[in-house]
Amino acid sequence: MIGPKSFDVIVIGGGHAGCEAASAAARAGARTALVTHRFATIGAMSCNPAIGGLGKGHLVREVDALDGLMGRVADAAGIQFRMLNRRKGPAVRGPRAQADRKLYAAAMQAAIAETADLSVVEGEANELIVSNGSVTGIRLVDGNELSAGAVVVTTGTFLRGLIHLGERSWPAGRVGEAPAMGLSASFERAGFTLGRLKTGTPPRIDARSIDFSRAEIQPGSATPLYFSSDPAARDFTTLAERSEPATRYRSRKLR
């Protein structure tokens with residue numbers, strides 16, 4: 001491993017939370033390391049590439065008010081912007097953007113690369129280094145050690161992750177990526193009790209099998225509803241429409 005091995009803050013994980021934590025620490029003047037398996041997976045979105053929504057859109061704007069990244073990146077990568085619950089009162093409305101997954105990841109990676117005092121370390125965090133009851137750093141799977149005054153863990157679905165597909169199951173952080181098994185064991189040795197949260201991925205539908213003439217077109221807002229107050233982030237190129245099949249209404253009737 002080449003580069004510094006001592007930092008003020010180490011952040012494990014390059015997802016939404018990790019990018020915000022690492023960026024915030026660096027903006028505050030802390031020498032920060034963002035540890036992730038690969039730089040190319042920083043900012044990778046889930047199977048539903050949406051930012052915001054009911055109960056979440058206002059949080060993205062609050063992150064932006066604190067100079068966070070997500071709002072600006074969502075504006076740059078957004079292809080459809082909508083205000084959910086528009087017919088109801090302002091307290092329950094939720095701005096949402098559908099984003100281009102590739103554009104979002106590229107914009108987030110660029111934002112991380114441009115952040116001063118922030119170094120990206122490609123590797124797998126394998127163990128917490130604990131001294132006198134305090135975490136003082138981490139050990140990577142290749143044996144290299146990084147020291148820091150604070151370690152922030154944002155591992156998402158990777159801690160002892162498990163994928164179920166039909167009747168098959170296998171260890172994974174997400175499809176095609178390994179789970180964090182060593183770090184999970186390290187937490188147990190430190191006295192933590194581990195649990196597991198379940199997420200679900202809906203089945204994919206082949207667009208060629210859908211009769212879009214029978215679907216209700218759900219257009220985005222005529223004027224994009226930006227998350228960020230920074231106009232420089234508004235660099236979208238394509239606005240998309242979303243189709244909502246009529247069968248959804250029928251399935252509601254059956255419930």
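# Two sheets, two cores, some helices

Visitor: Among contacts between residues at least 6 apart in sequence, what percentage join residues at least 24 apart?
Guide: In this protein chain, 64% do. Keep in mind that the model is predicted.

Visitor: OK. How many helices and strands are there?
Guide: The protein chain has six helices and 13 strands.

Visitor: And how many of the residues are buried?
Guide: The chain has 255 residues, and buried ones make up 37% of them.

Visitor: What about the area the chain exposes?
Guide: That is about 15100 Å². Carbon and sulfur atoms supply 54% of that area.

Visitor: Let's do sheets. In which order do the six strands of the open sheet run?
Guide: The order is 6-2-1-9-8-7, and the pairing is mixed.

Visitor: Why is one side of strand 6 and of strand 7 left without a neighbour?
Guide: Strand 6 (118-122) and strand 7 (125-131) stand at the edges of the sheet. Each has a single partner strand, so one side of each has no neighbour in the sheet.

Visitor: What does the twist average from one strand to the next?
Guide: The twist averages 40° in this sheet.

Visitor: How do strand 2 and strand 6 pair, parallel or antiparallel?
Guide: Parallel, over five bridges. Strand 2 covers residues 32-36. One pair to find on screen: Thr36 stands opposite Glu122 in strand 6.

Visitor: Which strands does helix 1 lie across?
Guide: Helix 1 lies across strand 1, strand 2, strand 6 and strand 9 (145-153). Helix 1 runs at about 165° to strand 2.

Visitor: Now the three strands. What order do they take in their open sheet?
Guide: They go 3-5-4, with antiparallel pairing. Strand 3 (50-52) and strand 4 (78-84) are the edge strands, and each pairs on one side only. Neighbouring strands here are turned by 20° against each other on average, direction ignored.

Visitor: Over how many bridges do strand 4 and strand 5 pair?
Guide: Six, in the antiparallel sense. Strand 5 is residues 94-99. Gln80 stands opposite Gln98 in strand 5. Met83 has Pro95 of strand 5 as its bridge partner.

Visitor: Which helix packs on the sheet?
Guide: Helix 3 (residues 70-77) does, and it touches strand 3, strand 4 and strand 5. The direction of helix 3 makes about 115° with that of strand 4.

Visitor: Is strand 4 mostly covered or mostly exposed?
Guide: Mostly covered: six of the seven residues in strand 4 are buried.

Visitor: Switching to cores. Which residues have the most contacts inside the largest nonpolar core?
Guide: Leu34, Ile51, Tyr104, Met108 and Ile112 do. That core has 26 residues. The elements that give two or more residues to it are strand 1 (6-12), helix 1 (16-27), helix 3, strand 5 and helix 4 (101-113).

Visitor: Which residues is Tyr104 in contact with, leaving aside neighbours within four places in sequence?
Guide: Tyr104 is in contact with His16, Gly43, Met45, Ile51, Met70, Val73, Ala74, Ala77 and Ala99.

Visitor: What lies apart from the largest core?
Guide: Another core, of 16 residues, with Phe7, Ile10, Ile12 and Ile138 among them. As background, nonpolar side chains tend to be buried together in soluble globular proteins.

Visitor: Back to helices. Which residues of helix 2 are buried?
Guide: In helix 2 (residues 57-65), they are Gly57, Val60 and Asp64. Seen down the axis, they fall within an arc of 60°, so they line one face of helix 2.

Visitor: What do the buried residues of helix 2 pack against?
Guide: They pack against strand 3, helix 3 and strand 5. Asp67 follows helix 2, with a positive phi near 70°.

Visitor: And helix 5, which residues are buried there?
Guide: Gly182, Leu183, Ser184, Ser186 and Phe187 are buried in helix 5 (residues 181-189). Strand 1, strand 7 and strand 9 are included in what covers them. Gly191 follows helix 5, and its phi is positive, near 100°.

Visitor: Last one. Where is Thr115 found?
Guide: Thr115 sits in the loop between helix 4 and strand 6.

Visitor: Does Thr115 count as buried or exposed, and why?
Guide: Buried, because its relative accessibility is 15% and the cut-off for buried is under 20%. Leaving aside neighbours within four places in sequence, Thr115 is in contact with Ser23 and Ala26.

Terms used: Residues numbered from 1 in each chain as written. Predicted model: local features only at pLDDT ≥ 70, side-chain atom pairs only at ≥ 80, totals over all residues. Heavy atoms only, no water. Pairing = 2+ DSSP bridges. Helix = DSSP H or I, 4+ residues; strand = E, 2+ residues; numbered from the N terminus. Axes fitted to C-alpha atoms, helices over the stretch in contact; angles between N-to-C directions. Contact = heavy atoms within 4.5 Å. Buried < 20%, exposed > 50% of the residue type's maximum accessible area, 1.4 Å probe, protein only. Areas by Shrake-Rupley, 256 points an atom, 1.4 Å probe, with all protein chains shown as cover. Core = buried A, V, L, I, M, F, W, Y, C linked by side-chain atoms within 4.5 Å. Arc of directions from axis to C-beta.
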